[in-house]
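Colleague: I should like to go through this model term by term. For each description, please tell me what justifies it.

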Amino acid sequence: MRAESPVSAPADVAAAPDAAPASAHAAGRWPIISSLIIAVFVLVALLAPVLTPADPYAQSLRTRLKPPVWEEGGTWSRPLGTDRLGRDVLSRVILGARISLAVGVLTVFLAGAIGATVGLTAGYYGGRVDAILMRATDATLSFPVILLALILATTVGPSFANVVVAVAVILWARYARVIRGEVLSLMERDFIAQARIAGCSGWRIITRHLFPNTLNTLVVLLTLQVGYVIIVEASLSFLGAGIPPPTPAWGSMIAEGRDYITSAWWVSLFPGLAILLVVLAFNLFGDWLRDTLDPKLRQV
Amino acid sequence: MWRFVLSRALQSLVALAILSVVVFVLARATGDPLHLILPANATAEDFANAREYLGLDRPLHEQYLRFVANAARGDFGMSIRARRPVIELIGDRLPYSLKLAGFSMAVSLALAFPLGIIAAVRKGTALDRFAQVVSVLGQSLPTFWVGIVLIEVVAGRLQWFPAGEAGGFSHYILPGFTLGWFVVAGLMRLLRSAMLEVLDSDYVKMARIKGVAERRVIWRHALKNALIPVITFAGIYFAILVTTAIVVETVFAWPGMGRLTYEAIAGRDFPVIQAVVLVTAVIVAGVNLCVDCLYALIDPRIRYAR
């Protein structure tokens, strides 16, 4: 937003509200718990078809809204209970991991690719190119993400691909801003001047000299944003503009359970806990990664 | 200073113009609105008549210009669903949203400021760790889920506060808290790191060496400078608040702009979608402009940078 202000250094942007929470992790110590949670979720997502105890789509009206196993009336065959159509909640949460992680990872990669390209181009060429690209970046940054994603998702119709594109179309601006800042400081360094004197083309300087030097920052940002994207996707699915039913996206599962919250709390509770766990893990892990790989981005 | 403000204002106008085009195109990409307006047994002739009556048979650029000219006068046409002028709908809903956002912002500031400052001053203590837990949780909890859990536990089981629908002061508590939760976490974290940085700076050390009272160092010297990055993000927080409101108002059945947005999108009520997005964008742009001015006012480096 505040483009050329001297204080809005890259560090400021990286510290954007949805970038990363500060954590008590000391840099250098491997964050066991958060990486373990991420590993478990990734494994669950990859092995989802094998792990689900029941068919996540199989309806059974006779066993609808059955409580979890530890409540009265619960059975081991449906450990976390069933939803209003009698589908197994645990199986749907497991399959939901696949969807949430896939949306999260694909979206940050797409947004990262667009953002890095814009940032590298703007930072390297400077002048008018920079001015135009950064105006576009600022305009995108200042627009409410969910509102635009909501409009995009409803106009082009809710689907997996549309959610990824709709969120990436807005998210790239954060990457562009930070990468550009990084490139601007790299451009002052001797090795870039030497590459120029040696007659390297712009393309070669960008791909061989600038890009590798922004990779650390990019990796940190990508990790920090996965959690945010998962929440945005869940919100969209909750509002009915994300992954369409009957696909078990966590957000739409929570929405479905909303009407039964007083009688069947488990339908909404478990997908919500899954979101909380995985997002928390990505945020903590991203924090640690930032402290380790790119302490410049750190605020403290 | 004036040049700075003027250039920012111009930028906002350009961004709004681009947005109005995007909104206009998107609203027409949703499919033919006539299918929603006309009864199912309408003939082709009815369609042609309605299209001519609503000006939908004109070339797109002509439709766009008319849309902008009307919008500038506050005329956004009729809502397809409610069959009332859109501007009336917005007039009904906007006050509720502003009240809820204001309440929530006040609560957030009241919580975030003391927490952030104390966490920085007492770095490493239990209180600091508590503040960090709040901040990490705040960024990892999905808003709509927090809302649902609060409705079930606080409003349903404990029956402490009413669950949503506008009403007296007690009706503001649950939606206000849900809406502000994310902002509290972000703001507190930002303030904490900004304070830590400032407290470590040479001029604060100098003030301490000179024997300035610690309280004065924190409140006069440090906080004033720590506020700069906080204000930088005030605009972004506001944009977040506006979008979070769509979810929160939907969950709590709050009759504000957020729910109007959701209803309009769900019902493909495109005159309302256009109006809501534009009005929201104008408000967000206005707030951002104010933030920029404030920013330039307290930080001379910005004023003289160009």
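**Reasons behind the terms**

Modeller: Let us begin with A:Val167, which touches A:Thr107, A:Ala149, A:Val229, A:Val232 and A:Glu233, leaving aside residues up to four places away in sequence. Please bear in mind throughout that this is a predicted model.

Colleague: What makes these residues count as touching A:Val167?

Modeller: The test is whether two C-beta atoms lie within 7 Å. A:Val167 meets it with each of the five residues just named. In the largest nonpolar core, which has 162 residues, A:Val167 is one of the three that touch the most other members, together with A:Ala149 and A:Leu150.

Colleague: How do you know that helix H7 of chain A has close to the expected length?

Modeller: Helix H7 covers residues 160-187 of chain A, 28 residues in total. From its first C-alpha to its last it reaches 39 Å, close to the 40 Å expected at 1.5 Å a residue.

Colleague: At which residue does H7(A) bend, and by how many degrees?

Modeller: The bend is at A:Val169 and amounts to about 40 degrees. That angle lies between two axes, one fitted to the seven residues ending at the bend and one to the seven starting there.

Colleague: Why is H7(A) called largely enclosed by the rest of the structure?

Modeller: Of its 28 residues, 20 are buried, so the helix is described as largely enclosed.

Colleague: A:Val183 is in helix H7 of chain A. Is A:Val183 buried or exposed, and how do you know?

Modeller: A residue is buried if 20 or more other C-beta atoms lie within 10 Å of its own. A:Val183 has 26, so it is buried. Its contacts are A:Gly119, A:Leu120, A:Gly123, A:Tyr124, A:Leu210 and A:Thr214, not counting residues up to four places away in sequence. The C-alpha atom of A:Val183 is also 8.5 Å from that of A:Phe211, although 28 residues separate the two along the chain.

Colleague: What makes one speak of sides on helix H2 of chain A, residues 32-46?

Modeller: The buried residues of H2(A) are A:Ser34, A:Ile38, A:Phe41, A:Val44 and A:Ala45. They cover an arc of only 130 degrees around the axis, and therefore they lie on the same side of the helix. On the other side, A:Ile32, A:Leu36, A:Ala39 and A:Leu43 are exposed. An α-helix has 3.6 residues a turn, so residues three or four places apart point the same way.

Colleague: What covers the buried residues of H2(A)?

Modeller: The cover includes helix H3 (48-51), helix H4 (89-125) and helix H11 (266-293) of chain A.

Colleague: What can be said of B:Ser140 in the other chain, and is it buried or exposed?

Modeller: B:Ser140 is found in helix H6 of chain B, residues 126-140. It has 23 other C-beta atoms within 10 Å, and the cut-off is 20, so it is buried. Its contacts reach into chain A: it touches A:Gly227, A:Leu276, A:Val279, A:Leu280 and A:Asn283.

Colleague: Why does B:Ala253 count as partly exposed?

Modeller: Exposed requires 12 or fewer C-beta neighbours, and buried requires 20 or more. B:Ala253 has 13 inside 10 Å, so it falls in between. This residue lies in the loop between helix H10 (214-251) and helix H11 (257-266) of chain B. Its phi is near 50 degrees, a positive value in a residue other than glycine.

Colleague: How many helices and strands has chain B?

Modeller: Chain B has 13 helices and zero strands. Of its 306 residues, 41% are buried.

Colleague: What is the predictor's confidence in chain A, and where is it lowest among the elements?

Modeller: Chain A averages a pLDDT of 80, and 87% of its residues score at least 70. Among its elements, helix H1 (residues 10-14) has the lowest mean, 36, and H4(A) the highest, 91. Over residues 1-26 of chain A the pLDDT is below 50. Where pLDDT is low, the predicted coordinates should not be read in detail.

Colleague: What are the corresponding values for chain B and for the complex?

Modeller: Chain B has a mean pLDDT of 81, with 93% of its residues at 70 or more. For the complex, the predictor gives an ipTM of 0.78 and a pTM of 0.81.

Terms used. Residues are numbered from 1 along each chain as its sequence is written. Chains are lettered from A and ligands numbered from 1 in the order in which they are written. This is a predicted model: local features need pLDDT of at least 70, side-chain atom pairs count only at pLDDT 80 or more; totals for chains, interfaces and linings use all residues. Helices (H or I, at least four residues) and strands (E, at least two) are DSSP runs, numbered from the N terminus. The expected span of a helix is 1.5 Å times one less than its number of residues. A nonpolar core is a set of buried Ala, Val, Leu, Ile, Met, Phe, Trp, Tyr and Cys residues joined through C-beta atoms within 7 Å. pLDDT is the predictor's confidence in each residue, from 0 to 100. The arc is that of the directions from the helix axis to the C-beta atoms.
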